[in-house]
Amino acid sequence: MYELNLPKYGIKIANENGHQTIFDVLRRKYVALTPEEWVRQHFVHYLIDHKGYPQALMANEIQLAIGNKKLRCDSVLYDRLLKPRMIIEYKAPTVSITQKVFDQITIYNMLLHVDYLVVSNGIKHYCCRMDYENQKYLFLEDIPDYQEIIT
């Protein structure tokens, strides 16, 4: 797979019916190993192992609906009252992070109304804090530690 700008972790890869799978610690099962999934698993472990995010308050593949249209958030972080606090969108390492990606995560946020939006292709990571009062978002230098988010 791809070399990422994320720390390494104890990756669990298996073969199922001739296809490679990777263990998803949040869904507690093996899932198809795609370039985007490679990024997701590395990023989730980065948040848990290096940023102190509680595994129990994170979820992958969260379904949303706008009318009849079904949407899917890649990852969502909740607070202890199970209110969504952060949406994370992943792209494959070969996919550039463009305005279109931010437009996509903004649509999800119209439903979840979170405090933080994160986009990563495993090479570049962007994090912004929502400023609803002034109707804008502020880009942060780094992904905040969990303790910074809950205060």
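## Close-up views: salt bridges, cysteines, a nonpolar patch and two unusual backbones

**View 1. Lys51 is buried, with a relative accessible area of 11%.** This is a predicted model, so keep that in mind for every view below. Lys51 has a salt-bridge partner in Asp145, with N and O 3.4 Å apart. The two residues come from distant parts of the chain: Lys51 belongs to helix 1, while Asp145 sits in the loop between strand 9 (136-139) and helix 3 (146-150), 94 residues apart. What about the accessibility of Asp145, the other half of the pair? Asp145 is partly exposed, at 31%.

**View 2. Arg40 and Glu61 join their side chains in a salt bridge, at 2.6 Å from N to O.** Arg40 is part of helix 1 (residues 35-51) and Glu61 is part of strand 4 (residues 58-66), so this contact ties together parts of the chain that are 21 residues apart in sequence. As for cover, Arg40 is buried at 2% relative accessible area, whereas Glu61 is partly exposed at 26%.

**View 3. Glu61 also forms a salt bridge with Arg72, whose closest N and O atoms are 3.1 Å apart.** Here again the pair links distant parts of the chain, with Arg72 in strand 5 (residues 69-78) and Glu61 in strand 4, 11 residues apart. Arg72 counts as partly exposed, at 32% relative accessibility. Zoom out a little and these residues turn up in a network of salt bridges: Asp24, Arg27, Glu37, Arg40, Glu61, Arg72 and Asp74 are linked. For the wider tally, a search of the whole structure gives 11 salt bridges. The general idea is familiar: side chains of opposite charge can pair when their charged atoms come close.

**View 4. Cysteines are here, but the search of the whole structure turns up zero disulfides.** Why is Cys73 not in one? The closest cysteine sulfur to that of Cys73 belongs to Cys128 and lies 14 Å away, which is too far for a bond. Cys128 is in no disulfide either; its nearest cysteine sulfur, in Cys127, is 6.4 Å away. The cut-off for a disulfide is a pair of sulfur atoms within 2.5 Å. Cys73 is buried, at 0% relative accessibility, and Cys128 is buried at 0% too.

**View 5. Ile66, Ile107, Met110 and Leu111 make up a nonpolar patch on the surface.** Together these four residues offer about 370 Å² of accessible area. Which element gives the most to the patch? Helix 2 (residues 99-112) does, with three residues. Ile107 lies in helix 2, and at 37% relative accessibility Ile107 counts as partly exposed.

**View 6. His113 has a positive phi, near 55°, although it is a residue other than glycine.** Where is His113? Look in the loop between helix 2 and strand 7 (116-120). His113 is partly exposed, with 45% relative accessibility. For context, most residues other than glycine have a negative phi.

**View 7. Gln135 is another non-glycine residue with a positive phi, near 55°.** The loop between strand 8 (125-131) and strand 9 is home to Gln135. Is Gln135 buried or exposed? Gln135 is exposed, with a relative accessible area of 75%.

Note on methods. Residues are numbered from 1 along each chain as its sequence is written. This is a predicted model: local features need pLDDT of at least 70, side-chain atom pairs count only at pLDDT 80 or more; totals for chains, interfaces and linings use all residues. Side-chain values use heavy atoms; hydrogens and water are left out. Helices (H or I, at least four residues) and strands (E, at least two) are DSSP runs, numbered from the N terminus. Buried means under 20% relative accessible area, exposed over 50%, partly exposed in between (1.4 Å probe, protein chains only). Patches are made of residues with over 30% relative accessible area and no salt bridge: like charges are joined within 9 Å, nonpolar side chains (Val, Leu, Ile, Met, Phe, Trp, Tyr) within 5 Å. Accessible areas come from the Shrake-Rupley method with a 1.4 Å probe; for residues, only the protein chains shown count as cover.
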